[in-house]
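Hi,

Here is the structure I promised to pass on. Have a look at it first, and then read my notes below.

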Amino acid sequence: MKHRPEEHLDPMSIDPTLRLDLLAKVQAVNIEGGRRNLFTIGAPPLPPEPLVPVKNATQVAKVYGPEPPPPPPPKPVEPPPPPINLKYYGYSSNRGDNRKHAFFLDGDDILVAAEGETVKKRYRVVRIGVNSVVMEDTQFKHEQTLPLQEEAAAG
């Protein structure tokens, strides 16, 4: 590579004196910008908001000492009471008596009970309706409605 004669510097014409005034001027320049990453695409991030001192603010201090106890474990959910396995298939009442008697099937056994009576030493008849009976499981203190069962077709 050839140099042109006008590009050639004469070493005798260069002033070797260190100019501290120019160095101080360069060092005093405040570098602005530089917050944006040149290798990512998108808008530059917003500058952080300046902290503003609040008058009469209380200072929060870290508390040292034992950790607070963990919260107690959740209480186990009790399983629902077992279903009442009786089938309601009708009721009857006498002409002069407003008292209804419901008919239940327990497997092959037929049970009859009036409102307020207990069946199988456990289930109390609460209310007898046309389409359903409300029964209370006295062991679990839980009420359940038994729907009227349709008759099975004879075959």
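**What I found**

Let's start near the beginning of the chain, keeping in mind that this is a predicted model. Leucine 18 sits in the segment that comes before α1 (20–27). Is Leucine 18 buried or exposed? Leucine 18 has a relative accessible area of 64%, and the cut-off for exposed is over 50%, so this residue counts as exposed. It also has company: Leu18, Leu20 and Leu23 make up a nonpolar patch on the surface, and together they offer about 320 Å² of accessible area. As a general point, nonpolar side chains in soluble globular proteins tend to be buried together.

Now for the inside. The largest nonpolar core is made of 13 residues, and Leu86, Tyr88, Phe104, Val125, Val133, Met135 and Leu146 have the most contacts inside it. Two or more residues each come from β2 (100–106), β5 (123–128) and β6 (132–137), with β5 giving the largest share, 3 residues. Val133 is a good one to click on: leaving aside residues up to four places away in sequence, its contacts include Tyr88, Ala102, Phe104, Val125 and Leu146.

Then there's the sheet. It is an open one with 4 strands, in the order β4-β5-β6-β7, and the pairing is antiparallel. β4 (118–119) and β7 (142–147) are at the edges with a single partner strand each, so one side of each has no neighbour in the sheet. β6 and β7 are joined over 6 bridges in the antiparallel sense; for serine 132, the bridge partner in β7 is proline 147.

Cheers

Notes. Residues are numbered from 1 along each chain as its sequence is written. This is a predicted model: local features need pLDDT of at least 70, side-chain atom pairs count only at pLDDT 80 or more; totals for chains, interfaces and linings use all residues. Side-chain values use heavy atoms; hydrogens and water are left out. A nonpolar core is a set of buried Ala, Val, Leu, Ile, Met, Phe, Trp, Tyr and Cys residues joined through side-chain atoms within 4.5 Å. Buried means under 20% relative accessible area, exposed over 50%, partly exposed in between (1.4 Å probe, protein chains only). Contact means heavy atoms within 4.5 Å. Patches are made of residues with over 30% relative accessible area and no salt bridge: like charges are joined within 9 Å, nonpolar side chains (Val, Leu, Ile, Met, Phe, Trp, Tyr) within 5 Å. Accessible areas come from the Shrake-Rupley method with a 1.4 Å probe; for residues, only the protein chains shown count as cover. A salt bridge is a side-chain nitrogen of Lys or Arg within 4 Å of a carboxyl oxygen of Asp or Glu. Two strands pair if DSSP finds at least two bridges between them.
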